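Reader: I have a structure in front of me that is new to me, and I would like to learn how to read it step by step. Could you show it to me and then take me through its features?

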Amino acid sequence: MVGLGAGDACAIVRRAGLVPAGPEGMPAPEDGVVVAQAPVGTAGAEEGATVVLVTQHGRHPADDPITPPPTEEADTLQPA
């Protein structure tokens, strides 16, 4: 779930038959980006188990489009 928005992560956890929660018994996060989870995704969990999602508030990664650096080839191309 790390890297997903809180809403998307909680929805995925619920669809898997698990219960999303915040750290230290807090309710499931509603905003922010998931920066950690427990148990980790590869650990497996029984249906109905709690998955703790730790979020960090701020801009969602999708708000920052990644522009790849120009390549040398792109720098040498001439317009048609």
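Author: Let us begin with the surface, where accessible area is computed by the Shrake-Rupley method with a 1.4 Å probe. This is a predicted model, and its chain has an accessible surface of about 5,900 Å², of which 57% belongs to carbon and sulfur atoms.

Reader: What share of the 80 residues in the chain is buried?

Author: A residue counts as buried when its relative accessible area is under 20%. By that cut-off, buried residues make up 21% of the 80 residues here.

Reader: Which pattern does the chain follow when it is read along the sequence?

Author: The secondary structure comes to two helices and three strands, and along the sequence these follow the pattern α-β-β-β-α.

Reader: How are the strands ordered in the sheet, and what kind of pairing do they have?

Author: Order in a sheet is read from which strands pair, and two strands pair if DSSP finds at least two bridges between them. Here the three strands form an open sheet in the order β1-β3-β2, with mixed pairing. The edge strands, each pairing on one side only, are β1 (19-21) and β2 (33-38). Neighbouring strands of the sheet are turned against each other by 35 degrees on average, with direction ignored.

Reader: Which strands run parallel to each other, and which run antiparallel?

Author: β1 and β3 run parallel and are joined by three bridges; as one pair to look for, Val-19 has Thr-50 in β3 as its bridge partner. β2 and β3, in turn, run antiparallel and are joined by five bridges, and in that case you can look for Ala-36, whose bridge partner in β3 is Val-54.

Reader: Where does α1 lie with respect to the strands?

Author: α1 lies across β1, β2 and β3, and it runs at about 170 degrees to β3.

Reader: Which residues make up the largest nonpolar core?

Author: The largest nonpolar core has eight residues in all, namely Ala-9, Cys-10, Val-13, Leu-18, Ala-28, Val-34, Val-51 and Leu-53. The elements that give two or more residues to this core are α1 (6-15) and β3 (50-56), and α1 gives the most, with three residues.

Reader: With which residues is Val-13 in contact, leaving aside its neighbours within four places in sequence?

Author: With those neighbours left aside, Val-13 is in contact with Met-1, Leu-18, Val-19, Pro-20, Val-51 and Leu-53. For the chain as a whole, among contacts with a separation of 6 or more, 61% are between residues 24 or more positions apart.

Conventions
Residues are numbered from 1 along each chain as its sequence is written. This is a predicted model: local features need pLDDT of at least 70, side-chain atom pairs count only at pLDDT 80 or more; totals for chains, interfaces and linings use all residues. Side-chain values use heavy atoms; hydrogens and water are left out. A nonpolar core is a set of buried Ala, Val, Leu, Ile, Met, Phe, Trp, Tyr and Cys residues joined through side-chain atoms within 4.5 Å. Buried means under 20% relative accessible area, exposed over 50%, partly exposed in between (1.4 Å probe, protein chains only). Helices (H or I, at least four residues) and strands (E, at least two) are DSSP runs, numbered from the N terminus. Contact means heavy atoms within 4.5 Å. Axes are lines fitted to C-alpha atoms, for helices over the stretch in contact, and angles run from 0 to 180 degrees between N-to-C directions.
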